Amino acid sequence: MHAETLKTETFLDTGLPLFADLPFKVADLSPETARFGRKELELALHEMPGLAALRAEHAGKKPLAGARIMGSLHMTVQTGVLIETLVELGADVRWVSCNIFSTQDHAAAASVVGPEGTVDAPAGVPVFAWKGETLAEYWWCTLQALVWPEHGGPNLILDDGGDATMLVHLGKEYEDRGEMPDPATTDNGEMKVVLSVLRDVRHAKGDGFWTAMAQQIRGVSEETTTGVHRLYERVAEDTLLFPAINVNDSVTKSKFDNVYGCRHSLVDAIMRATDFLISGKKALVCGYGDVGKGSVQSLQGQQARVAISEIDPICALQACMMGIEVTTIDQAIEGEFDIYVTATGNFRIIDVGHMARMKHNAIVCNIGHFDNEIDMAGLEARVAAGTVEKIQIKPQVHEFRFLDSTHGPGGGPHSIIVLAEGRLVNLGCATGHPSLVMSASFTNQTIAQIELHQSAEEYGDNRIAKPEGKKPTVITLPKHLDEKVARLHLEKFGARLTHLSPEQASYIGVPVEGPYKPHHYRY
């Protein structure tokens with residue numbers, strides 16, 4: 001790893017000091033890697049017209065001056081363009097990836113070096129991310145990005161999945177209770193690491209570290225379904241410490257990222273990982289929300305025979321109207337499906353018992369909620385018990401051979417092929433969504449960060465800084481901003497909008513300049 005550690009006390013098995021005080025930590029800061037990353041960022045910016053337009057709109061104005069933004073979002077080429085847009089608009093930024101496999105190391109290198117820096121004199125942002133982190137390294141990275149050496153912490157968070165927001169909240173809650181976090185109180189492997197971080201921070205910094213950090217945070221913008229769900233849970237429980245903007249449910253995020261992005265990147269990942277032919281194969285997509293719809297379209301584009309599983313009768317009926325079979329996982333296994341894709345946002349959708357019954361060399365992958373839609377813990381437990389053999393085919397592609405099964409070749413053991421160890425397959429085995437798709441998502445994120453920096457207290461006060469103030473809320477960006485994001489991308493497609501006359505606008509009861517649909521409208 002590039003960048004030398006400065007102290008000897010280390011966190012868990014990382015070999016890294018808990019508070020390393022490093023300017024960055026990435027896999028490779030060689031000239032060739034940084035050059036490759038910079039060229040990719042340049043190409044991506046051309047494909048991200050929303051971010052380019054925001055740079056032009058705010059040129060010289062620095063609307064994010066004074067903002068200290070901690071970002072926890074996949075460290076990809078497209079994210080590099082987002083980071084440099086935030087910096088160009090005046091923000092002080094520190095960054096981690098939100099997934100152990102999703103970092104593109106050349107993008108991380110380019111972001112550290114920056115557009116004006118060199119490998120010998122980096123002038124970009126502090127990035128703590130590399131592809132293939134352990135869980136301990138992942139949470140170590142999150143802590144490093146949260147700590148501003150001269151300020152203590154961020155005043156804004158840009159989150160994807162809610163991990164950074166969760167760490168701050170949990171740390172504050174343990175301090176309030178006067179309770180020392182104990183990793184032995186959970187059987188969940190990742191939560192053990194989280195509690196280890198919180199415990200070790202308490203030992204190193206005393207009882208007020210997280211409270212002081214949380215007090216500075218004015219708001220968070222959240223990228224994805226899981227993180228948004230966590231935020232709404234905190235609102236219901238009255239434990240949210242600062243206001244939040246739900247970026248995920250902006251139409252120009254949810255449709256572009258979740259539908260059109262998955263339509264592009266799911267089969268890209270499966271084909272890069274396996275080189276298996278998809279055409280004619282039987283594929284089950286678990287969940288038919290926006291991610292499921294995009295995933296179905298992706299597989300259909302390769303002429304797979306696709307079915308879905310669903311709990312929601314409306315989504316199931318939509319599938320029926322598209323001529324898609326609605327079935328269950330158990331029925332799909334009996335029907336000897338070839339490909340299983342989880343896209344639900346829930347947990348243990350495919351358990352180890354399902355995998356034990358799948359046909360030989362079935363592909364199992366997830367494009368939904370991080371790493372727990374597929375029961376990887378149950379699968380690894382069987383590996384530890386010696387009843388399943390784990391064989392690495394290549395990084396992020398593993399064969400799991402069920403040694404006590406008899407429905408494999410010649411009546412012997414069968415295997416399944418698990419991609420990205422159950423984590424997001426499009427980022428673990430490919431490069432995620434294309435730049436134009438992410439331009440819509442990240443334009444929303446940038447607008448949300450500007451809104452929070454300028455007006456966070458309109459959506460609620462920080463409960464530590466102002467205990468008797470307005471309770472923090474979770475809002476979605478207003479419809480006129482959603483439409484603005486769409487407008488910024490139309491020229492890329494050569495689209496020409498029709499304009500309403502005043503009389504036409506009056507007839508349907510909308511402003512000439514929009515917004516044109518009520519907030520509850522379903523696109």
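Helices here are DSSP runs of H or I with at least four residues, and strands are E runs of at least two. By that count, this protein has 19 helices and 15 strands. The radius of gyration is 23 Å, close to the 24 Å that the globule rule gives for 523 residues, so the protein is as compact as a globular protein of that length. The model is predicted.

**Overall build**

- The C-alpha atoms fill a box of roughly 70 × 70 × 50 Å, taken along the principal axes.
- Of the 523 residues, 56% count as buried.
- Take the contacts between residues at least 6 apart in sequence: 72% of them join residues at least 24 apart.
- The protein exposes about 21,800 Å². Carbon and sulfur atoms supply 53% of that area.

**The nonpolar cores**

- The largest nonpolar core has 50 residues. Leu64, Ile69, Met75, Leu86, Val93, Trp95 and Val127 touch the most other members.
- Several elements each supply at least two residues of this core. Among the helices are helix 1 (31-46), helix 2 (49-57), helix 3 (77-88) and helix 4 (105-113). Helix 17 (435-455) and helix 18 (479-490) also belong to this group. So do strand 2 (92-96) and strand 4 (156-159).
- Helix 17 gives the largest share of this core, 8 residues.
- Another core, of 49 residues, lies apart from it. Its members include Tyr138, Met166, Val168 and Leu170.

**Around Met75**

- Met75 is one of the residues that touch the most other members of the largest core.
- Its neighbours within four places in sequence are left aside here. Beyond them, Met75 is in contact with Gly80, Ile83, Trp95, Ser97, Ser102 and Thr103, among others.
- The list of Met75 contacts also includes Gln104, Ala107, Ala108, Ser111, Val127 and Ala129.
- Trp95 and Val127 appear among these contacts, and both are also among the core members with the most partners.

**Helix 15, side by side**

- Helix 15 spans residues 376-385, and Met376, Gly378 and Leu379 are buried in it.
- These three cover an arc of only 165° around the axis, which puts them on the same side of helix 15.
- The face turned away from the buried side carries the exposed residues Ala377, Ala384 and Ala385.
- What do the buried residues of helix 15 pack against? They pack against helix 14 (352-357), strand 12 (388-394), strand 13 (397-402) and strand 14 (414-419).
- Gly386 follows helix 15, and its phi is positive, near 85°.

Terms used: Residues numbered from 1 in each chain as written. Predicted model: local features only at pLDDT ≥ 70, side-chain atom pairs only at ≥ 80, totals over all residues. Heavy atoms only, no water. Core = buried A, V, L, I, M, F, W, Y, C linked by side-chain atoms within 4.5 Å. Buried < 20%, exposed > 50% of the residue type's maximum accessible area, 1.4 Å probe, protein only. Contact = heavy atoms within 4.5 Å. Arc of directions from axis to C-beta. Rg over C-alpha atoms; globule rule 2.2 N^0.38 Å. Areas by Shrake-Rupley, 256 points an atom, 1.4 Å probe, with all protein chains shown as cover.
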